[in-house]
Amino acid sequence: MGTMAESARTSLASEPLALGALDGRYRPAVAPLVDHLSEAALNRNRVHVEVEWLIHLTSRSALPGTSPLSSDHIAALRRIVTDFNIDSVSELAEIEAITVHDVKAVEYYINRRLPGIGIEELTPLVHFGCTSEDINNLSYAVGVKDAVTKVWLPAARALVEQISAMAETTRAVPMLSRTHGQPATPTTLGKELAVTAWRLTRQLDRIERTEYLGKINGATGTYAAHYASVPDTDWQDISRTFVEGLDLDWNPLTTQIESHDWQAELYADVARYNRILHNFCTDVWSYISIGYFAQVPVAGATGSSTMPHKVNPIRFENAEANLEISNGLLDTLGSTLVTSRWQRDLTDSSSQRNIGTAFGHSLLSISNVAKGLERLDVAEEVLTDDLEHNWEVLGEAIQMVMRAEAIAGVPGMENPYERLKELTRGHRVDATRMKEFVSGLGLSELAADRLKELTPGTYNGIAAELVDHLDR
């Protein structure tokens, strides 16, 4: 017998509610992917591949008795794809309930429409010479390519441009570095932002060079059925031109499945972009925690349910979590998809249904980081104050000048590292003490003047100029 709390709850299982966060809470951020990586999009792409295969076979007169279709017939066939909608999804589901096979359902779905176009005699040509994986691999390749090039890449590029713009405006803002969590040689905020933008750009450039491979060569990749039925046709050429006509790259050597190596390569690059972005999120979060960035409150928004003074860095925390989920899926896909028992097993079929989820969590993270950056102000006074309290970071510059002076023959420059270590390690050194130390070294006049002008805020080399590399 259930408890009172259990009996008081209404079951929601029969309601059309989302089980996952991407289709519920976060739907607006990931909705553009639905047109490319959802189950419905996969079925539409299957219809697209089947229709184009029929058109291709007739246009090449690949079989005796076939000839190129009229422009009206071709247009009518392609409308099967462009008219694909929610009713089409339902009809396919009804057919699949009978066939218990998703690709066979697509074949029957198209066959139903050929009489209305006036080409019912071409029914035997639908799915000719194809195994299901001929259609599936191409459909996934089309969907993934469109999702990456039309949705994910533009969003990822826009975020890099946003970070690059921040790097440009803060290129000369001095900032204390921290290596191993300790005060280190100063830099500029813009240069550090530029490092992230540069790293992310390299990954995006790799992703843009992705080969999206496809094949259409029969049950075990041998064209056996093709040559058994029509031996005088150049089926390799038919296959290559068809795959390339879908704006994909032809894979000439496969088993029943396209080997998915290109997918593993792509997912590794996307995961690497995610990891760099994750590193950026943790750094920004840390800068917020020490006051380098101030978060601009959103009017009416609650930071903490009990502490009204707080503005929590939730955009970056949300991004961290979703990047980790995305990478968990991308890593699994990359390691799973490259393996298939003998000429084919079905593990890839189940795995690939999670591609949209993997990209969805990444896209959601990109959106959150972009929104988080929009609400940041640089607290230059905090950065300046931090530098002023860490004059000991000039120890590196002073001992290096002493080394150069020693090489030039200036006397009294012995043991520079050890002398600066004694001065600075475990001690706070203010401007007065540091200048006194420099004055007593016996440096050449030029070197002494150069060091006397140096402050933690100006000791950042050519950091500002390095931002220019983002324009190359």
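**Disulfides, salt bridges, helix burial and nonpolar cores in a predicted model**

Under the criterion applied, in which a disulfide is a pair of cysteine sulfur atoms within 2.5 Å, the count comes to 0 disulfides. A disulfide is a covalent bond between the sulfur atoms of two cysteines. C130 is buried, with a relative accessible area of 14%, and C281 is buried at 0%; here buried denotes under 20% relative accessible area, exposed over 50%, and partly exposed the range in between (1.4 Å probe, protein chains only).

The structure is a predicted model, in which local features need pLDDT of at least 70 and side-chain atom pairs count only at pLDDT 80 or more, whereas totals for chains, interfaces and linings use all residues. Residues are numbered from 1 along each chain as its sequence is written, and side-chain values use heavy atoms, with hydrogens and water left out.

A search of the whole structure yielded 29 salt bridges, each defined as a side-chain nitrogen of Lys or Arg within 4 Å of a carboxyl oxygen of Asp or Glu. One of them joins the side chains of D23 and R27, with an N to O distance of 2.8 Å. D23 is exposed, with a relative accessible area of 51%, while R27 is partly exposed at 33%. A salt bridge also links D35 to R44, the closest N and O atoms being 2.8 Å apart. In this pair D35 is partly exposed, at 44%, and R44 is buried, at 18%. R171 and E168 form a further salt bridge, with their closest N and O atoms 2.7 Å apart. R171 is buried, with a relative accessible area of 18%, and E168 is partly exposed, at 39%. In addition, E39, R46, D102 and R353 are linked in a network of salt bridges.

D102 from this network also belongs to the buried residues of helix α7. Helices (H or I, at least four residues) and strands (E, at least two) are DSSP runs, numbered from the N terminus. Helix α7, residues 102-111, is mostly covered, with 8 of its 10 residues buried. Besides D102, the buried set comprises V103, A105, V106, E107, Y109, I110 and N111. Their cover includes α4 (39-59), α5 (71-82), α6 (86-99), α8 (114-117) and α9, contact being heavy atoms within 4.5 Å.

Helix α10 spans residues 189-208. The expected span of a helix is 1.5 Å times one less than its number of residues; for the 20 residues of α10 this gives 28 Å, and the end C-alpha atoms lie 29 Å apart, which agrees. Buried residues of α10 are L189, G190, L193, A194, T196, A197, L200, Q203, L204 and I207. Among the elements that cover them are the helices α9 (132-169) and α13 (261-289) and the strands β1 (174-179), β2 (182-188), β5 (293-295) and β6 (376-378).

A nonpolar core is a set of buried Ala, Val, Leu, Ile, Met, Phe, Trp, Tyr and Cys residues joined through side-chain atoms within 4.5 Å. The largest such core has 105 residues, and those with the most contacts inside it are L77, W152, W235, L266, Y273 and F359. Helix α9 gives the most to this core, with 17 residues. Apart from this core lies another, of 21 residues, among them V401, V410, L443 and Y459. Not counting residues up to four places away in sequence, W152 touches A147, L204, I207, V270, Y273, F359, S362, L363 and I366. Of these, L204 and I207 are buried residues of α10.
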